[in-house]
Amino acid sequence: MKFAIYGQTNKTIVENIIVRLLKALKIYEVEILFEEQFYQLLNAKNILTESYSTFNDESELPSDTNFLLSIGGDGTMLRATNYVKNKNIPIVGINAGRLGFLANVQEDTIEEHLPHLFNGSYKLSKRSLLTLNCNPITNSSFDVNFALNEITVSRKNTTSMITVETLLDDEYLATYWADGLIISTPSGSTGYSLSCGGPIIEPETGCFVITPLAPHNLNVRPLVIRDNLTIKLKVSSRENQFLLSLDSNTQAVNNETELTISKAPFTIDLVEFPSQSFIKTLRKKLLWGEDKRN
């Protein structure tokens with residue numbers, strides 16, 4: 001079997017995870033390769049005791065890789081999707097962050113969960129993504145034009161609101177007067193959208209959420225829509241540009257640029273182990289059930 005490993009930092013908890021992970025993998029006959037920049041970070045602290053093959057981008061990640069192990073928080077998981085894209089390589093998230101809705105394997109459970117990858121006792125949670133097209137094509141370009149969590153438009157260098165004209169399948173929905181607008185996938189419903197009052201959605205539900213940021217109209221609320229609709233946005237503001245974010249990647253875009261957002265033609269597979277489920281994660285991460293009356 002072939003395992004790819006990706007991370008973004010060599011902080012102590014990541015170092016401990018790497019040492020523990022490599023020790024556990026030695027039991028099995030596996031080929032291991034690292035993302036190049038992460039590999040250099042680990043070597044700088046002499047964490048690795050032997051040499052490994054590396055990859056720099058999606059084109060260098062072998063298609064026959066069985067699993068990509070993402071070590072970090074949910075942000076690291078989001079960046080890991082850039083390497084997988086439509087290769088259907090399952091992603092395993094090992095949490096070295098804080099909350100960890102996506103990366104939910106803890107350091108002290110690595111030895112417990114690894115055997116499931118070899119005996120097939122796991123399931124794949126297929127996560128939908130958003131894809132973006134701009135008209136005219138922006139001077140600022142994204143390395144990838146899809147998002148696992150959300151696509152967000154927001155104000156830039158001003159305290160004034162922006163207006164976001166919104167259409168669904170070319171039918172006018174509303175013009176939002178707000179600090180911005182979030183278009184979220186079910187996976188992203190527990191992220192930025194949730195902090196702005198959006199609903200929590202089971203990850204494999206076929207829908208998206210439109211969540212306004214601090215809307216001026218108090219009767220404006222988050223809207224759940226089916227995921228086969230095409231969303232068009234046109235932003236106006238007192239500034240010449242606004243901010244456009246795909247997950248954690250942000251660029252400045254000129255006003256009046258038409259943004260077309262739709263469901264990506266592929267999904268990302270996240271590994272879930274027998275002891276895990278979205279419901280269990282909700283209870284654990286959001287402390288549901290901690291009320292003494294339960």
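Select K2, E31 and D64: in this predicted model, these three residues are linked in a network of salt bridges. Zoom in on the pair E31 and K2, where the closest N and O atoms are 3.9 Å apart. Colour the strands to see where the two residues sit. E31 belongs to strand β2 (residues 31-35) and K2 to strand β1 (residues 2-7), and the pair links parts of the chain 29 residues apart. Now turn on the surface. K2 counts as buried, at 13% relative accessibility, whereas E31 is partly exposed at 41%.

The next stop is another salt bridge. Select K123 and E272, whose closest N and O atoms are 3.6 Å apart. K123 lies in strand β6 and E272 in strand β19 (residues 268-272), so this contact ties together parts that are 149 residues apart in sequence. Is E272 buried or exposed? With a relative accessibility of 11%, E272 is buried.

Go on to D179 and R155. Their side chains meet in a salt bridge with an N to O distance of 3.1 Å. Here both partners are in loops: D179 is between β11 and β12 (180-184), and R155 is between β9 (150-154) and β10 (162-168). The two residues are 24 apart along the chain. D179 is partly exposed at 21% relative accessible area, and R155 is partly exposed at 28%. How many salt bridges does the structure hold? The count is eleven.

Now hide the charged side chains and show the aromatic rings. Ten aromatic pairs are found in a search of the whole structure. One of them is F67 with Y122, an edge-to-face pair with 5.5 Å from centre to centre and 75° between the planes. F67 is in strand β4 (residues 67-72), while Y122 is in the loop between α4 (110-119) and β6 (123-127), 55 residues apart. F67 is buried, at 2% relative accessibility; Y122 is partly exposed, at 27%. Widen the selection to F3, Y28, F67, F118 and Y122, which form one aromatic cluster.

Switch to the cartoon view for the sheet. Which strands make up the open sheet, and in what order? Trace β8-β7-β18-β15-β10-β11: these six strands form the open sheet, with antiparallel pairing. The edge strands are β8 (146-147) and β11 (171-178), each of which pairs on one side only. Strands of a sheet pair through backbone hydrogen bonds, so displaying the backbone is useful here. Select β15 (residues 231-236) and β18 (residues 258-263), which run antiparallel and are joined by four bridges. To look at one bridge, pick K234, whose partner in β18 is E258.

The last stop is a pair of cysteines. Select C196 and C207. Why is there no bond between them? The sulfur of C196 is 17 Å from the closest cysteine sulfur, which is in C207, and that is too far for a bond. A disulfide needs two cysteine sulfur atoms within 2.5 Å. Starting from C207 gives C196 as the closest partner, again at 17 Å. The count for the structure is therefore zero disulfides. Check the surface once more: C196 is partly exposed at 28% relative accessibility, and C207 is buried with a relative accessible area of 7%.

Terms used:
Residues numbered from 1 in each chain as written. Predicted model: local features only at pLDDT ≥ 70, side-chain atom pairs only at ≥ 80, totals over all residues. Heavy atoms only, no water. Pairing = 2+ DSSP bridges. Buried < 20%, exposed > 50% of the residue type's maximum accessible area, 1.4 Å probe, protein only. Phe/Tyr/Trp six-rings, centres within 6.5 Å; stacked < 30°, edge-to-face > 60°. Salt bridge = Lys/Arg side-chain N within 4 Å of Asp/Glu carboxyl O.
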